[in-house]
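Me: I have a model open and would like to learn how to read its features. Could you take me through it step by step?

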Amino acid sequence: LIQILVKKDTALLESLYSNSNRKLISTGHYLDDKLKTKIGQFQYHDRDGELRLIESFNNTGVLHGKYLSFKNKNKQTIGVYNNGKRHGVWNFYDENGGKQARIIYKDDEVYSYDLWDKEGNKKDEPLIIERKPEFPGGEDAFQKEVVKGLVKKLNLSTLSGRILVVFTINEEGNIENLRTNQTLSTKNKVAFESVFYDMPKWSPGIRLNRNIKMNYTMPIKLQ
């Protein structure tokens with residue numbers, strides 16, 4: 001990252017740019033030279049320079065004021081913080097810009113809410129703000145299934161050091177986009193991937209009462 005610092009009155013303006021394409025990554029003011037206390041408005045951009053987040057801070061570095069997030073150039077979240085707590089009306093939108101939820105907060109507690117499905121119809125059901133994906137039987141059961149599959153399908157001597165896997169649980173509860181820190185031959189890679197892809201479905205992640213894709217990182221313990 002390329003960092004540019006400019007002294008403005010009693011604050012310090014920091015702007016960060018990508019090394020690769022010189023696109024703006026973030027910009028905002030700090031109260032101190034150690035860049036610890038954020039004040040005022042901060043803007044964050046993705047690697048292509050598109051705006052992804054605006055957040056505001058008070059003079060003590062606590063979230064205070066408007067909060068907006070974007071995805072694929074569409075608004076995703078619009079709300080307000082009051083001294084670090086969500087307050088008032090927060091609107092949430094799906095990746096296509098359609099209404100997903102409207103939540104009224106009072107000192108960070110949900111006071112009331114409305115939900116919409118993908119077709120834009122209101123739905124009446126208990127609010128689930130966020131729930132992580134879950135494997136049948138939990139994480140311990142997943143670990144056991146993985147180790148069992150690796151022992152069965154691979155020569156474990158081909159695996160070295162700490163095994164780390166990263167994958168996505170899609171909206172249907174299936175594993176996709178599997179990656180690992182291990183260097184594997186083509187044959188072993190196919191066998192390694194089949195251990196994960198042949199497993200039972202997960203319960204998918206949920207955000208605001210809709211199934212979503214969620215990334216999952218897990219170290220595998222071979223005993």
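**Hairpins, sheets and rings**

Reply: Let us begin with a turn: strand 6 and strand 7 form a hairpin with two residues between them, and N72 in the turn has a positive phi of about 55°. Strands here are DSSP runs of E with at least two residues, helices are runs of H or I with at least four residues, and both are numbered from the N terminus. This is a predicted model, in which local features need pLDDT of at least 70, side-chain atom pairs count only at pLDDT 80 or more, and totals for chains, interfaces and linings use all residues. Residues are numbered from 1 along each chain as its sequence is written, and side-chain values use heavy atoms, with hydrogens and water left out.

Me: How many bridges join strand 6 to strand 7?

Reply: The general idea is that two strands pair if DSSP finds at least two bridges between them. In this case seven bridges join strand 6 (residues 63–71) to strand 7 (residues 74–82), and the two run antiparallel. To find the register, look at G65, which stands opposite Y81 in strand 7.

Me: What else does strand 7 pair with?

Reply: Strand 7 pairs with strand 8 (residues 85–86) in the antiparallel sense over two bridges. N82 stands opposite K85 in strand 8. These strands also form a hairpin with two residues between them, and N83 in the turn has a positive phi of about 50°. Strand 7 and strand 9 pair over two bridges too, again in the antiparallel sense, with T77 opposite F92 in strand 9.

Me: Where does strand 9 lead next, and how many residues lie in the turn?

Reply: Strand 9 forms a hairpin with strand 10, with five residues between them, and G97 in that turn has a positive phi of about 90°. Six bridges join strand 9 (residues 88–93) to strand 10 (residues 99–106), in antiparallel fashion, and W90 stands opposite I103 in strand 10. When you look along such strands, remember that in a regular strand the side chains alternate between the two faces of the sheet.

Me: Which residue takes a positive phi in the hairpin of strand 10 and strand 11?

Reply: That is D107, with a positive phi near 50°, in a hairpin that has two residues between the strands. Strand 10 is joined to strand 11 (residues 109–116) by six bridges, and the two run antiparallel. A101 stands opposite L115 in strand 11.

Me: Strand 11 also holds V110. Is V110 buried or partly exposed?

Reply: Buried means under 20% relative accessible area, exposed over 50%, and partly exposed in between (1.4 Å probe, protein chains only). V110 has a relative accessible area of 36%, so V110 is partly exposed. For contrast, try V146 in helix 1: its relative accessibility is 0%, so V146 counts as buried.

Me: In what order do the strands of the open sheet lie?

Reply: Three strands form that sheet in the order 13-16-17, with antiparallel pairing. Its edge strands are strand 13 and strand 17 (210–212), as each pairs on one side only. Strand 13 and strand 16 pair over two bridges in the antiparallel sense, and E130 stands opposite R207 in strand 16.

Me: How many aromatic pairs does the structure hold?

Reply: The structure holds 18 aromatic pairs. Rings of Phe, Tyr and Trp (its six-membered ring) pair if their centres lie within 6.5 Å; planes under 30 degrees apart count as stacked, over 60 as edge-to-face and the rest as tilted. One of the pairs is F135 with W202, edge-to-face at 5.5 Å centre to centre and 65° between the planes. This pair links distant parts of the chain, 67 residues apart: F135 is in the loop between strand 13 (130–131) and helix 1 (139–153), and W202 is in the loop between helix 2 (186–197) and strand 16 (205–207). Both F135 and W202 are buried.

Me: Why is the pair of W202 and Y216 edge-to-face?

Reply: The ring centres of W202 and Y216 are 4.9 Å apart and the planes are at 65°, so the pair is edge-to-face. Y216 lies in strand 18 (residues 214–220), 14 residues from W202 along the chain. At 15% relative accessibility, Y216 counts as buried. To see the wider setting, select F135, F142, F167, F192, F196, W202 and Y216, which form one aromatic cluster.
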